[in-house]
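Hi there,

Here is the structure I promised to pass on. Have a look at it first, and my notes follow underneath.

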Amino acid sequence: MKQLAELLPVVLFFVVYQLDGRTLALRHEIGVDQIMWGIDYPHVEATFPYSREALRWSFADVEVEEMRKMLGFTAAKVYGFDVAALTEIAEVKQKLGADGD
């Protein structure tokens with residue numbers, strides 16, 4: 001089956017604030033590379049202040065590589081972020097215990 005992105009004449013990305021079971025179930029038809037998760041902080045109608053818990057629950061059965069794409073790598077590619085530099089910063093913050101957990 002072709003991905004939705006292959007059928008459309010333009011590049012289209014789906015940005016979702018609450019990844020529910022329906023969206024994740026259709027991720028292969030939509031195209032994992034076309035989905036970007038976003039946070040609508042601090043609006044409580046989204047998942048804030050329980051975003052981490054919501055992500056853990058939503059992505060419990062999703063492969064790690066697909067999860068990485070939807071939660072950050074696709075956005076990094078679209079917006080031209082330096083993933084290597086951001087990875088270094090995240091590793092330092094994790095060592096310092098600055099990740100909030």
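Let me start with helix H6, which covers residues 83–95. At 1.5 Å a residue, its 13 residues should span 18 Å, and the C-alpha atoms at its two ends are indeed 18 Å apart, so the expected and modelled spans agree. Please keep in mind that this is a predicted model. Among the elements of the chain, H6 has the highest mean pLDDT, at 92, while helix H1 (residues 4–7) has the lowest, at 60. Averaged over the chain, pLDDT is 80, and 77% of the residues score at least 70.

Both ends of H6 have something to show. Asp82 caps the N-terminal end, with a side-chain oxygen 3.2 Å from the backbone nitrogen of Ala84. After the helix comes Gly97, which has a positive phi, near 75°.

Val83 belongs to H6 as well. Is Val83 buried, partly exposed or exposed? Its relative accessible area is 30%, and because buried means under 20% and exposed over 50%, Val83 counts as partly exposed. Setting aside neighbours within four places in sequence, Val83 is in contact with Phe73 and Ala76. Phe73 is ten residues from Val83 in sequence, and their C-alpha atoms are 7.8 Å apart.

Now to the interior. Which residues make up the largest nonpolar core? There are seven: Leu24, Ile30, Val32, Ile35, Phe59, Val62 and Met70. In soluble globular proteins, nonpolar side chains tend to be buried together. Met70 touches Leu24, Val32, Ile35, Phe59 and Val62, and also Arg27, Met36 and Trp37, not counting residues up to four places away in sequence.

Thr23 sits in helix H2 (residues 21–25). With a relative accessible area of 19%, Thr23 is buried, because the cut-off is under 20%. The C-alpha atoms of Thr23 and Ile35 are 9.3 Å apart, with the two residues twelve positions from each other along the chain.

Finally, the chain as a whole. It has six helices and two strands, in the order α-β-α-α-β-α-α-α from the N terminus. Of its 101 residues, 24% count as buried. Among contacts with a separation of 6 or more, 55% join residues 24 or more positions apart. The chain exposes about 7500 Å², and 59% of that comes from carbon and sulfur atoms.

Happy to talk it through whenever suits you.

Best wishes

Key:
Residues numbered from 1 in each chain as written. Heavy atoms only, no water. Helix = DSSP H or I, 4+ residues; strand = E, 2+ residues; numbered from the N terminus. Expected span 1.5 Å × (residues − 1). Polar contact = N/O pair within 3.5 Å; in protein donor to acceptor, adjacent residues only side chain to side chain. Core = buried A, V, L, I, M, F, W, Y, C linked by side-chain atoms within 4.5 Å. Buried < 20%, exposed > 50% of the residue type's maximum accessible area, 1.4 Å probe, protein only. Contact = heavy atoms within 4.5 Å. pLDDT = per-residue confidence, 0-100. Areas by Shrake-Rupley, 256 points an atom, 1.4 Å probe, with all protein chains shown as cover.
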